[in-house]
Amino acid sequence: MRIDVRGGRSVASHQYHQGALRVLRPHYLDDSGQVCYVVVNPGGAYLGADLYVLEVEVADGAKLLLTTQSATKIYRTPGSFAEQRMRLRLGEESQLELAPDQLIAYREASYRQNTHITLHPTSSLVMSEVITPGWSPDGASFRYEELRLRTEIRVESRGKIGLLALDNLLIRPPAYDVTGMGFMEGFSHVGSLIVVDRRVDQALVDELHVLTGGHDAYTGVSLTATANGISGLVLRSLSNSTEELNRLLGACSALLRQRWHGTAPLNLRKY
């Protein structure tokens with residue numbers, strides 16, 4: 001998918017799909033010109049040996065909100081893991097909000113997610129993620145085998161490409177005592193927020209840290225390195241509730257939308 005600007009609004013100038021994934025018709029949630037696309041998986045879940053590939057380009061000045069219709073479910077993957085590969089490219093003065101519903105890993109599930117992002121120093125990226133263990137017949141949590149989520153962010157300017165951040169999250173419950181310290185500090189859910197924008201600084205990190213203090217979660221916020229004059233931040237939060245993490249990440253995203261773009265908090269109205 002490629003998003004361009006036409007008549008003051010962002011539109012898909014190129015769109016192609018093959019296989020399981022589809023996108024619903026575009027929506028405009030406010031008068032900012034930002035287009036919202038919803039990714040749909042008619043198959044309902046990811047299974048062993050499944051491979052999903054998404055490539056999205058947000059052209060100069062375009063604005064995209066990309067979300068999912070519902071949670072991404074990883075079922076049993078005997079013999080081979082399920083995998084998603086995503087490649088994102090952001091042009092000058094472009095905006096991308098990536099806000100999928102939660103990732104749910106069920107019993108005996110293995111999953112790998114590789115995300116490669118290339119930005120311009122003037123572009124803006126906000127991406128969130130919530131990971132939760134799925135239901136198991138005996139009522140126990142952490143019955144999935146392994147989750148690997150790797151995100152690589154690079155900034156390109158005048159032909160030079162610099163590595164801004166490399167985030168590699170590995171969760172392998174069978175290797176740990178999943179009930180105590182040393183494995184997610186006894187929590188069951190993980191929330192992440194990655195923000196890259198030229199307006200990111202330590203003051204914003206401190207403000208987000210204060211904002212997260214009002215939620216039932218254990219949260220840390222850190223600045224990334226700087227590449228080609230732009231920096232970012234990474235927020236990671238542990239909790240026992242998907243709803244609590246969604247509220248926390250939603251509050252952080254709402255602050256950024258209001259301050260940077262003058263737009264209201266998201267209301268995707270999926271349920």
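These questions and answers cover a helix pair and two residues of a predicted model.

The model is predicted, local features need pLDDT of at least 70, side-chain atom pairs count only at pLDDT 80 or more, and totals for chains, interfaces and linings use all residues. Residues are numbered from 1 along each chain as its sequence is written, and side-chain values use heavy atoms, with hydrogens and water left out.

Reader: Is α1 parallel or oblique to α2?
Author: Helices here are DSSP runs (H or I, at least four residues), numbered from the N terminus. The axes of α1 (residues 202-212) and α2 (residues 242-261) come within 10 Å and cross at roughly 140°. Angles under 35 degrees count as roughly parallel, over 145 as roughly antiparallel, 65 to 115 as roughly perpendicular and the rest as oblique. Therefore α1 is, relative to α2, oblique.

Reader: Is T67 buried or exposed?
Author: T67 sits in strand β6 (residues 63-68). Buried means under 20% relative accessible area, exposed over 50%, partly exposed in between (1.4 Å probe, protein chains only). T67 has a relative accessible area of 2%, so it is buried.

Reader: Which side chain joins that of E146 in a polar contact, besides R148?
Author: E146 belongs to strand β13 (residues 146-157; strands are E runs of at least two). A polar contact is a pair of N or O atoms within 3.5 Å; within protein, one must be able to donate a hydrogen and the other to accept it, and residues adjacent in sequence count only if both atoms are side-chain atoms. One such contact of 2.8 Å joins the side chains of E146 and R148. Another, also 2.8 Å, links the side chain of E146 to that of R172.

Key: Axes are lines fitted to C-alpha atoms, for helices over the stretch in contact, and angles run from 0 to 180 degrees between N-to-C directions.
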